[in-house]
Structures are given as structure tokens and as C-alpha cells.
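Grab the viewer and work through a few exercises on this protein chain. Try each task yourself before you read the solution.

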Amino acid sequence: MKSVSPITLDVQEACCPVCACSKLVPFSKAQHQAIELLYDICKNCGIIFMNPHPSDESYNHFYENQYRSFYGDSVHPTQEEKSKQRSRAKTLLSFLELRSLDIKSHLEVGCSTGQFLSEVENTLQLSRQSVGVELDINYSKAAETLGIKCYSKLEQVQHDQPKFCLISMNHVLEHMNNPVDFLRHLRESFLEKRGYVYIEVPNYQGLFGSFEIAHPIVFTEESLENTIKLAGFKIIEMKSHANPRTENPKAKFYTSALIAPSDSKLQVQPPRYSNNLTMFKLNAYQSLTLEGALIFWLKLPLRLVKNLGLPKHVV
């Protein structure tokens, strides 16, 4: 067990948290505020995940008591934070408006100040009060001033509210130790049969905000797609972008996806890619910084030898 402040990396996984495959390969080592983080990659579905990582209990305590201060965020919501949320709502609204989807109710998991919920509610003219889940009491109070019904825990929503047409999660899924189980839980307990889920996560290939103590899961476009399918959803639309940080179309900091429950009763298996190509491509992103370039090219012969011994039908 490795103890760090303010959280403990106390869970060592023997299997992939997405597809349960036991074929794991060490992928990367990172430092976040002097905390050493180790990441593995699954050879079956391509997910990158922290291993070892904090338990769910450790994370819950961290988010309730230390998250804002650890990241240097304001204890009270700022105008900048509120503006970011309103901008993020535009991506979801563009997905919905293209399809003229009939949305009457909206739950956001991790609603922060409620600006995203409020923007969607006002634009779509929802017939039911928007609902949010937010652990931080100062941020949930800010959401309530906008007319949002706020809960501190997801279980409270289940006991108090009917199911929802739309569930959104902005930069939440990468915080979950078991993202497939979490998406399945949302589908089975909170989402209407013909409802939609909107997800936005950091994109590893966009070189922004992936390796952090609060991110046990690191997504690429491909591994997010696998996670969605294994949870019993189909993808309506997915795109990578940089909103609200920049409008540069070449920047791919984040990946957003609008998904819906799949009609298929069969478990969706992750697609098979060439392991050598995928491993080379993912590691190559680390070469785009000076330090990363040196490490990448020094280790390249070892990576090639190691990867050539892997079956070609796995990631």
C-alpha cells in the first residue's frame, strides 16, 4: 500500500475495470502534485487506468473534503467556472437540436453550479424541474439559486424522482473506478427507456488533463466507445473538440458523446485493433513534449520488441 497526501492508492487491479480482461501492460508513469501515479493499458479494450488507485471510499472522502483545495479551485464558485459550464452546454445542445429530440427532463451527475443544467432547461423549455447531483455544498447552493433541485448523492434521486429523458455527465466518467458499471446503473435505474445520456471526458490524444489523481480512467476516443458499448448503449454522435478552451478545430482536448440504450440483447464486445499500431500511436503522444520525446525515443526499441510478442488480435 502506498500512502500519499491527501489520498491513498490502496487498490491494485488484476483485471481491466472496463472489460475484465486480465492481460494488462504497464503504460505510463506520471506525477501529479508530487504524487507518483502508475497507469496500465488493457490489451483487449485499450482502456488506460491508474493501477494502483484509490478505493471508492477514499475518493468519496476526497471529493467531499479536499478536492477543491487540492486542485487550487475556489471554495466558492467563480464567474469563470460558471461561464465554462454555459459554454459546454452548447456542445450538447448542438447534438440535440440537429435531431429535434423531445427532451422533457434532465438529470446532471456532477452539476457543479448548475449553469449547464440551467442553459439546457432554458433553451429546450423543459416541462419538468432540472435535477442535479453535487457533493460540494457551496456549489450545490449556487445551483439551487437557479431553480435546480440538487442532491448530494445519486441514491437520493432514485428514491425521490421518476426517470429522466436526458442524463448528462461533464468530466465525471473519468473519475469513476468502474465506468461500465456506473453507466449500466444509470441506464437501469435513472434513464427512461427511450432516453439519452450525454458524456464529456478529457481525451488522452488531445494531450490535456488526463493523468491526475482524480482520474483513475484515461479515455481515448476508441476506449470511450468500447466503454459505452459494453455498458449496453449505442452511440448517436461522438466528436472530439476543445470547447470552451479554444475554437481551434484541430484541438481535441475533450471527447463528447450522445448515447442511447442499445436494442441488442447481446453483450457488445470491444472491437479488435492491431496491438502494435495502437500501442505505438498512444505512446507517440507522449513524445510531443521535449521530456516526453527523449523518453519515448530512448524506450522505443524496448517497446517494439515487447509489442512484437503480443497477439495481433488484441489492442
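Below are five exercises, each with a worked solution.

This is a predicted model, in which local features need pLDDT of at least 70 and side-chain atom pairs count only at pLDDT 80 or more, while totals for chains, interfaces and linings use all residues. Residues are numbered from 1 along each chain as its sequence is written, and side-chain values use heavy atoms, with hydrogens and water left out.

**Exercise 1. Get an overview of the chain**

Task: find how many helices and strands there are in the chain, and what percentage of its residues count as buried.

Solution. Start with the secondary structure: the chain has 10 helices and 13 strands. Here helices (H or I, at least four residues) and strands (E, at least two) are DSSP runs, numbered from the N terminus. Next, check burial: 51% of the 315 residues count as buried. Buried means under 20% relative accessible area, exposed means over 50%, and partly exposed is in between (1.4 Å probe, protein chains only). Finally, look at contacts, meaning heavy atoms within 4.5 Å. Among those between residues at least 6 apart in sequence, 70% join residues at least 24 apart.

**Exercise 2. Trace the sheet of 7 strands**

Task: work out the strand order of the open sheet of 7 strands, then say which strands are its edges.

Solution. Two strands pair if DSSP finds at least two bridges between them. Following the pairs gives β8-β7-β6-β9-β10-β13-β12, with mixed pairing. The edges are β8 (149-151) and β12 (233-241), each of which pairs on one side only. From one strand to the next, the twist averages 15 degrees; for such angles, axes are lines fitted to C-alpha atoms (for helices over the stretch in contact), and values run from 0 to 180 degrees between N-to-C directions.

Now zoom in on two of the pairs. β7 (residues 131-133) runs parallel to β8, with 3 bridges between them; Gly132 has Cys150 in β8 as its bridge partner. β9 and β10 are also parallel, joined over 6 bridges, and Met169 is partnered with Ile199 in β10. While you're on β10, note that 9 of its 12 residues are buried.

**Exercise 3. Place helix α4**

Task: find which strands helix α4 lies across, and which of its residues are buried.

Solution. First locate α4 at residues 115-124, where the helix lies across β6 (106-109), β7, β9 (164-170) and β10 (191-202). Relative to β6, α4 runs at about 160 degrees. Then pick out the buried residues of α4: Gln115, Phe116, Leu117, Ser118 and Val120. Last, step past the helix to Gln125, which follows α4 and has a positive phi, near 55 degrees.

**Exercise 4. Follow the salt bridges**

Task: which parts of the chain does the pair of Glu64 and Lys153 link?

Solution. Set the rule first: a salt bridge is a side-chain nitrogen of Lys or Arg within 4 Å of a carboxyl oxygen of Asp or Glu. That gives a count of 9 salt bridges. In one of them, the side chains of Glu64 and Lys153 meet at 3.2 Å, N to O. Glu64 belongs to helix α1 (residues 56-65) and Lys153 to the loop between β8 and α6 (154-160), so this pair links distant parts of the chain, 89 residues apart. Glu64 is partly exposed at 43% relative accessible area, and Lys153 is partly exposed at 37%.

Now compare a second pair, Lys104 and Asp102, whose closest N and O atoms are 2.4 Å apart. Lys104 is partly exposed at 39%, whereas Asp102 counts as exposed at 57%. To finish, find the salt-bridge network that links Arg68, Glu134 and Asp136.

**Exercise 5. Explore the largest pocket**

Task: find which residues lie nearest the centre of the largest pocket, and which element gives the most to its lining.

Solution. On a 1 Å grid over the protein atoms alone, a pocket is an open set of points where a 1.4 Å probe fits, with protein on both sides within 12 Å along at least five of seven lines; lining residues have an atom within 4 Å of a point. The largest pocket holds about 1600 Å³ of space, the volume being that filled by probe spheres set on the points. Of its 48 lining residues, Tyr63, Tyr67, His171, Val172 and His175 lie nearest the centre. α3 gives the most to the lining, with 5 residues.
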